[in-house]
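The following note sets out several points for the attention of a colleague examining this model. Please read the numbered points alongside the coordinates.

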Amino acid sequence: DMPGAREAVRATGMGLLVEPRSERALARGLLQVLADPARYTRPYAHIRGIFDTGATISAYDELLQRLSR
């Protein structure tokens, strides 16, 4: 459960956050994901839509336009 990984897991629903620096938590998390991989995966198009560079740039551009008014 680290900031960079946390955002990707929350945005996509893919993956599982576990306690940082805990080998046991990591092992349990890996076993959980491997036991039910469909629960932690999404179609490529869904992920691409979330992290699309053009959409991200457009969103930032709109935000900056609103803030500069």
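Throughout this note, buried means under 20% relative accessible area, exposed means over 50%, and partly exposed lies in between (1.4 Å probe, protein chains only). The model is a predicted one, in which local features need pLDDT of at least 70, side-chain atom pairs count only at pLDDT 80 or more, and totals for chains, interfaces and linings use all residues. Residues are numbered from 1 along each chain as its sequence is written, and side-chain values use heavy atoms, with hydrogens and water left out.

1. Y60 counts as exposed because its relative accessibility is 53%. The residue belongs to helix α4, which covers residues 53–67; helices here are DSSP runs of H or I with at least four residues, numbered from the N terminus.

2. Together with L63, L64 and L67, Y60 forms a nonpolar surface patch whose combined accessible area is about 440 Å². Such a patch joins nonpolar side chains (Val, Leu, Ile, Met, Phe, Trp, Tyr) within 5 Å, taken from residues with over 30% relative accessible area and no salt bridge, the latter being a side-chain nitrogen of Lys or Arg within 4 Å of a carboxyl oxygen of Asp or Glu. Areas follow the Shrake-Rupley method with a 1.4 Å probe, and for residues only the protein chains shown count as cover.

3. T12 lies in helix α1, residues 3–12, and is buried, since its relative accessible area is 8%. Its side chain reaches the backbone oxygen of A8 at 2.7 Å, and a polar atom of that T12 side chain lies 3.0 Å from the backbone nitrogen of M14.

4. Which residues does T12 touch, not counting those up to four places away in sequence? They are R42, H46, I47, I50 and F51, where contact means heavy atoms within 4.5 Å. For I47, the C-alpha to C-alpha distance from T12 is 6.4 Å, at a sequence separation of 35 residues.

5. F51 is located in the loop between α3 (44–50) and α4. With a relative accessible area of 39%, F51 is partly exposed. Leaving aside neighbours within four places in sequence, F51 is in contact with A8, A11 and T12. By contrast, F51 and L31 are 27 Å apart, C-alpha to C-alpha, at a sequence separation of 20 residues.

6. R21 merits a check of its backbone geometry: its phi is positive, about 60°, although R21 is not a glycine. The residue is found in the loop between α1 and α2 (23–35) and is exposed, at 75% relative accessible area.

Key: Patches are made of residues with over 30% relative accessible area and no salt bridge: like charges are joined within 9 Å, nonpolar side chains (Val, Leu, Ile, Met, Phe, Trp, Tyr) within 5 Å. Helices (H or I, at least four residues) and strands (E, at least two) are DSSP runs, numbered from the N terminus. A polar contact is a pair of N or O atoms within 3.5 Å; within protein, one must be able to donate a hydrogen and the other to accept it, and residues adjacent in sequence count only if both atoms are side-chain atoms.
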